[in-house]
Amino acid sequence: MRWLILAVAATLAGIGSAAAQVYPSRPITMVVSYPPGGPTDTLARIVAEPMRQALGQPIIIDNVGGAGGTIGVGRAARAAPDGYTISIGQWASHVSTVAVFPVQFDVLKDFEPVALLTDAPLWLIGRAGLPANSVTELIAWLRANPDKASAGIIGNGSAAHLCGINFQNKTNTRFQFVPYRGAALVMQDLLAGQIDLGCVEASNSLPHVQSGKLKAYAVMGKKRWASAPDVPTMDEAGVPGLTISFWHALWVPKGTPRDIIGKLNAAAVEALSNPAVRQRLTDLGQEIPPREQLTPEALGAFHKTEIEKWWPIIKAAGIKPE
């Protein structure tokens, strides 16, 4: 009986190993937790094609927006742990909004990290018709018009929301928040003049700032953004300590075999090393982390650190889902 049990165990291990060796044998779904046209969707489509080439199977983009990105993350968490469902997300979907919305998953315990992809700054922008042309002028205008201005956010607890709350607290200003399902919709209403302000990923709005259709007031980083060096940091503009790092990464459901995670990580790293991909990401203002930060272990440690940093701040602010 003992030998029979060992034989069965060896057979099952062999089957599992064989399954990992032939992976992938069918298309892979990449769940984007926001609507088409936003920064996460754009990044997903840029990396999906070279990953397809590396893996030898199509990667299908599945946009599942709503509830600050938690609906899409939840769908990925419930998927089979077989490597055929990938969650691409960022600081908001995998850190901030899961501290605000009631969710049926644990963003750390129910996922396996695959790879950190990019980092990019947020910046505070405004519609072209706003009378203020600098952060100092904007603060003065907001103080003279309390609760009259509006700022677009991608749901409560999003990076844009926390950025706006911190800006209000640090500058003694007040304005209204308008929730949207995705960044593309915020941009649409900013360009149309339907809202006044937005704290958005800089790469997604750079062309509109360069063309004069939007105003950029300050970058939420510790240093100026290389793609727009004339725009000051918030520290330089007189609002110290207002920094948010807006990164993107890949995860798979908990229990996905390590061999499969290794193949997905290798495909992501290969995609990020592709000169054409690097150029496209650079043109969008995205920064690719050093190679040592692209391992699953590095992402796991980084993700945990971000949650430990931001969840107390979010909970202390008393942010509730809309």
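Me: Why is W251 called buried?

Reply: In this predicted model, W251 has a relative accessible area of 2%, and since buried means under 20%, W251 counts as buried.

Me: What makes the pair of W247 and W251 tilted?

Reply: The centres of the two rings lie 6.2 Å apart, which meets the requirement that paired rings have their centres within 6.5 Å. The planes of W247 and W251 stand at 50 degrees, and because planes under 30 degrees apart count as stacked and those over 60 as edge-to-face, the pair is called tilted. W247, at 1% relative accessibility, also counts as buried.

Me: How do you know that F167 and F175 form a tilted pair?

Reply: Their ring centres are 6.5 Å apart and their planes are at 45 degrees; the limit for a pair is within 6.5 Å, and tilted is the class left between stacked, under 30 degrees, and edge-to-face, over 60, so the pair of F167 and F175 is tilted. By this rule the count comes to eight aromatic pairs, and ring pairs link F167, F175 and F177 into a cluster.

Me: Are F167 and F175 buried or exposed?

Reply: F167 has 2% relative accessibility and counts as buried, and F175, at 7%, counts as buried as well, because the cut-off for buried is under 20%.

Me: What makes R26 a charge that sits over the ring of Y84?

Reply: The charged end of R26 is 3.7 Å from the centre of the Y84 ring, and the distance part of the rule asks for within 6 Å. The charged end of K315, which sits over the ring of W311, is 5.5 Å from that ring's centre, so the distance part of the rule, within 6 Å, is met there too.

Me: How do you know that β5 pairs with β6 and with β7?

Reply: Two strands pair if at least two bridges are found between them; four bridges join β5 to β6, and two join β5 to β7, so the rule of at least two is met in each case. β5 runs parallel to β6 and also parallel to β7. G152 of β5 has V178 as its bridge partner in β6, and G152 stands opposite G198 in β7.

Me: Which elements make a right-handed β-α-β unit, and what covers or exposes the faces of β5?

Reply: The unit is made by β5, helix α6 (residues 159-171) and β6. Both faces of β5 (residues 150-153) are covered, with S150 and G152 buried on one side and A151 and I153 buried on the other.

Me: Why are the buried residues of α5 placed on the same side of the helix?

Reply: In helix α5 (residues 135-144), the residues V135, L138, I139 and L142 are buried. They cover an arc of only 100 degrees around the axis, which puts them on the same side of α5. An α-helix has 3.6 residues a turn, so residues three or four places apart point the same way. The face turned away from the buried side of α5 carries the exposed residues T136 and A144, while the buried residues of α5 pack against β4, α6, β7 and β8.

Me: Why is G182 called buried, and where is its place?

Reply: G182 lies in the loop between β6 and α7, and its 3% relative accessibility makes it count as buried. Leaving aside neighbours within four places in sequence, G182 is in contact with P35 and I154.

Terms used:
Residues are numbered from 1 along each chain as its sequence is written. This is a predicted model: local features need pLDDT of at least 70, side-chain atom pairs count only at pLDDT 80 or more; totals for chains, interfaces and linings use all residues. Side-chain values use heavy atoms; hydrogens and water are left out. Buried means under 20% relative accessible area, exposed over 50%, partly exposed in between (1.4 Å probe, protein chains only). A crossover is right-handed if, with the strands pointing away from the viewer, the path from the first strand over the helix to the second runs clockwise. The arc is that of the directions from the helix axis to the C-beta atoms. Contact means heavy atoms within 4.5 Å. Rings of Phe, Tyr and Trp (its six-membered ring) pair if their centres lie within 6.5 Å; planes under 30 degrees apart count as stacked, over 60 as edge-to-face and the rest as tilted. A charge sits over a ring if NZ of Lys or CZ of Arg is within 6 Å of the ring centre and within 35 degrees of the ring normal.
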